[in-house]
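Me: I have a structure open and want to learn to read it feature by feature. Where do I begin?

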Number of protein chains: 2
Amino acid sequence: MDSASISSTPADLLRAAGIKVTPGRVRVLQALHGARQPLCHGEMEAQLGADGAAALDRVTLYRILDSLVACGLALKAVDTRGVFRFSAAGTPRQHANHIHFRCTDCGGVFCLKAEPPPPPKLPRGFRLGEVEFDVRGTCAGCSARERE
Amino acid sequence: MDSASISSTPADLLRAAGIKVTPGRVRVLQALHGARQPLCHGEMEAQLGADGAAALDRVTLYRILDSLVACGLALKAVDTRGVFRFSAAGTPRQHANHIHFRCTDCGGVFCLKAEPPPPPKLPRGFRLGEVEFDVRGTCAGCSARERE
DNA sequence: CCACAAATGCAACAGTGTTGCATTTGTGGC
DNA sequence: GCCACAAATGCAACACTGTTGCATTTGTGG
């Protein structure tokens with residue numbers, strides 16, 4: 001084993017997934033792993049622009065995210081405002097089965113510590129993918145701001 | 001009681017909600033009540049164009065839907081492709097607390113007959129809005145089509 | 001029937017996401 | 001280390017969904 005045995009740097013993950021290791025992909029993957037909640041394009045562009053290096057092209061960012069989703073390294077979801085949000089999939093099961101709180105005000109997603117209920121029975125022909133117990137409301141920050 | 005006691009025609013609902021009764025709103029409300037699942041703008045335009053009368057302006061449709069949501073006669077949600085879908089809210093509680101199945105393939109929404117679990121405890125400051133138990137996967141139609 | 005506010009239609013715009021194509025860059029083979 | 005090729009990138013332009021401004025029409029209460 002070499003020094004990469006500190007298990008899965010972004011570059012390792014990309015190599016393991018069988019796609020080229022490029023600076024853009026490494027940066028995006030780092031950003032996703034560093035984020036505590038799914039990021040949309042805007043947030044990601046801002047974050048990548050702020051880290052010193054030259055900002056990625058908007059289209060390139062879309063394509064990088066698509067390639068990460070295609071090879072299973074990222075997950076794509078939609079927030080309450082209809083905007084795509086991406087999260088790292090490198091830590092399997094972390095988001096697979098648990099409860100999310102979606103703020104209808106700011107669109108943010110928060111993870112709640114609680115066991116999700118078992119999935120219900122489905123009609124014939126329906127195939128189960130993921131189960132998400134979605135709780136909507138106003139998050140602490142927006143609640144406070146509203147109260148002003 | 002008068003002849004309107006056949007309970008809530010679209011016009012009655014609009015009057016009761018305190019907004020003007022216009023042909024467009026009546027048609028949209030009828031379409032919403034007739035739909036078996038939430039409709040997006042495209043579907044609604046198609047449906048309204050097909051019913052003989054002149055098609056509504058795209059912007060007018062948006063505004064009508066917004067006004068219906070504002071006065072509580074319709075509900076707005078986002079599908080898996082990030083598109084807004086609207087449903088009639090005239091039958092309260094019908095959608096308030098039950099389980100939805102979202103097809104990740106065609107974006108359709110199906111209602112399952114099952115009791116949703118009780119909402120979990122929220123962190124301090126968070127205010128509960130709605131609870132939705134969201135099950136994702138592939139619907140019967142798309143499953144069959146994939147199997148070809 | 002009148003007047004006024006609300007609703008509509010049209011045009012133009014904004015944000016998010018996509019496509020085409022020429023150029024650059026990572027990777028495997030020599 | 002160098003080359004060639006496919007893959008990735010950057011740029012420009014486009015498509016779709018949703019929004020805003022403003023002049024005109026229409027529903028509603030008097």
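**Reading the DNA contacts**

Reply: Begin with what the protein touches. Of the atoms of DNA strand D within 4 Å of the protein, 59% are sugar or phosphate, and bases make up the rest. Keep in mind that this is a predicted model.

Me: How many residues surround DNA strand D, and which are the closest?

Reply: There are 19 around DNA strand D. The closest are Thr22(A), Arg25(A), Arg63(A), Val21(B) and Phe84(B).

Me: Which secondary-structure elements each supply at least two residues of that surface?

Reply: Look at helix 4 (58-70) of chain A and helix 4 (58-70) of chain B. Each supplies at least two residues of the surface near DNA strand D.

Me: How does the surface near DNA strand D divide by class?

Reply: Nine residues are nonpolar, three are polar and seven are charged.

Me: Which part of DNA strand D do individual side chains reach: sugar, phosphate or base?

Reply: Take three cases in turn.
- Lys20(A) has a side-chain N or O atom 3.0 Å from a sugar or linking oxygen of DNA strand D.
- Arg58(B) places a polar side-chain atom 3.0 Å from a base oxygen of DNA strand D.
- Tyr62(B) has a side-chain N or O atom 3.3 Å from a phosphate oxygen of DNA strand D.

Me: Now the other strand. Which residues are closest to DNA strand C?

Reply: Phe84(A), Thr22(B), Arg25(B), Thr60(B) and Arg63(B) are closest, out of 19 residues that surround DNA strand C. Of the DNA strand C atoms within 4 Å of the protein, 61% belong to sugar or phosphate, and the rest to bases.

Me: What do polar side-chain atoms meet on DNA strand C?

Reply: Again, three cases.
- A side-chain N or O atom of His41(A) is 3.1 Å from a phosphate oxygen of DNA strand C.
- For Lys20(B), the partner is a sugar or linking oxygen of DNA strand C, at 3.1 Å.
- For Arg25(B), the partner is a phosphate oxygen of DNA strand C, at 2.8 Å.

The elements giving two or more residues to the surface near DNA strand C are helix 4 of chain A and helix 4 of chain B. By class, that surface has nine nonpolar, three polar and seven charged residues.

**Rings and charges**

Me: How many aromatic pairs does a search of the whole structure find?

Reply: Zero, over all chains. Rings can still be read against charges. The charged end of Lys76(A) sits over the ring of Phe84(A), 4.4 Å from the ring centre. In chain B, Lys76(B) lies over the face of Phe84(B), 4.5 Å from the ring centre.

Me: How should I think about salt bridges, and how many are found over all chains?

Reply: The general idea first. Side chains of opposite charge can pair when their charged atoms come close. In this structure, the search finds eight salt bridges over all chains.

Me: What does Arg85(A) form with Glu43(A)?

Reply: A salt bridge, with the closest N and O atoms 3.2 Å apart. Arg85(A) lies in strand 2 (residues 84-88) of chain A and Glu43(A) in helix 3 (residues 41-50) of chain A, so the pair ties together parts that are 42 residues apart in sequence.

Me: Is Arg85(A) buried or exposed?

Reply: Arg85(A) is buried, at a relative accessible area of 5%. Glu43(A) is partly exposed, at 31%.

Me: Where do Arg15(B) and Asp12(B) lie?

Reply: Both lie in helix 1 (residues 10-17) of chain B, three residues apart, about one turn of the helix. Their side chains meet in a salt bridge at 3.7 Å, N to O. Arg15(B) counts as exposed, at 54% relative accessibility.

Me: And which residue does Arg85(B) meet in a salt bridge?

Reply: Asp79(B), at 2.9 Å, N to O. Arg85(B) and Asp79(B) are both buried. Back in chain A, salt bridges that share partners join Glu43(A), Asp79(A) and Arg85(A) into one network.

**The fold of chain A**

Me: What pattern does chain A follow along the sequence?

Reply: Chain A reads α-α-α-α-β-β-β-β-β-α. That comes to five helices and five strands. Of the 148 residues of chain A, 40% count as buried.

Me: How far apart are Leu75(A) and Ala88(A), in sequence and in space?

Reply: They are 13 residues apart in sequence and 6.3 Å apart in space, C-alpha to C-alpha. Leu75(A) is in strand 1 (residues 74-78) of chain A. Leu75(A) is partly exposed, with a relative accessible area of 44%.

How values were computed. Residues numbered from 1 in each chain as written. Chains lettered and ligands numbered in written order. Predicted model: local features only at pLDDT ≥ 70, side-chain atom pairs only at ≥ 80, totals over all residues. Heavy atoms only, no water. Near = heavy atom within 4 Å. Polar contact = N/O pair within 3.5 Å; in protein donor to acceptor, adjacent residues only side chain to side chain. Helix = DSSP H or I, 4+ residues; strand = E, 2+ residues; numbered from the N terminus. Nonpolar A, V, L, I, M, F, W, Y, C, P; charged D, E, K, R; others polar. Phe/Tyr/Trp six-rings, centres within 6.5 Å; stacked < 30°, edge-to-face > 60°. Lys NZ or Arg CZ within 6 Å of the ring centre and 35° of its normal. Salt bridge = Lys/Arg side-chain N within 4 Å of Asp/Glu carboxyl O. Buried < 20%, exposed > 50% of the residue type's maximum accessible area, 1.4 Å probe, protein only.
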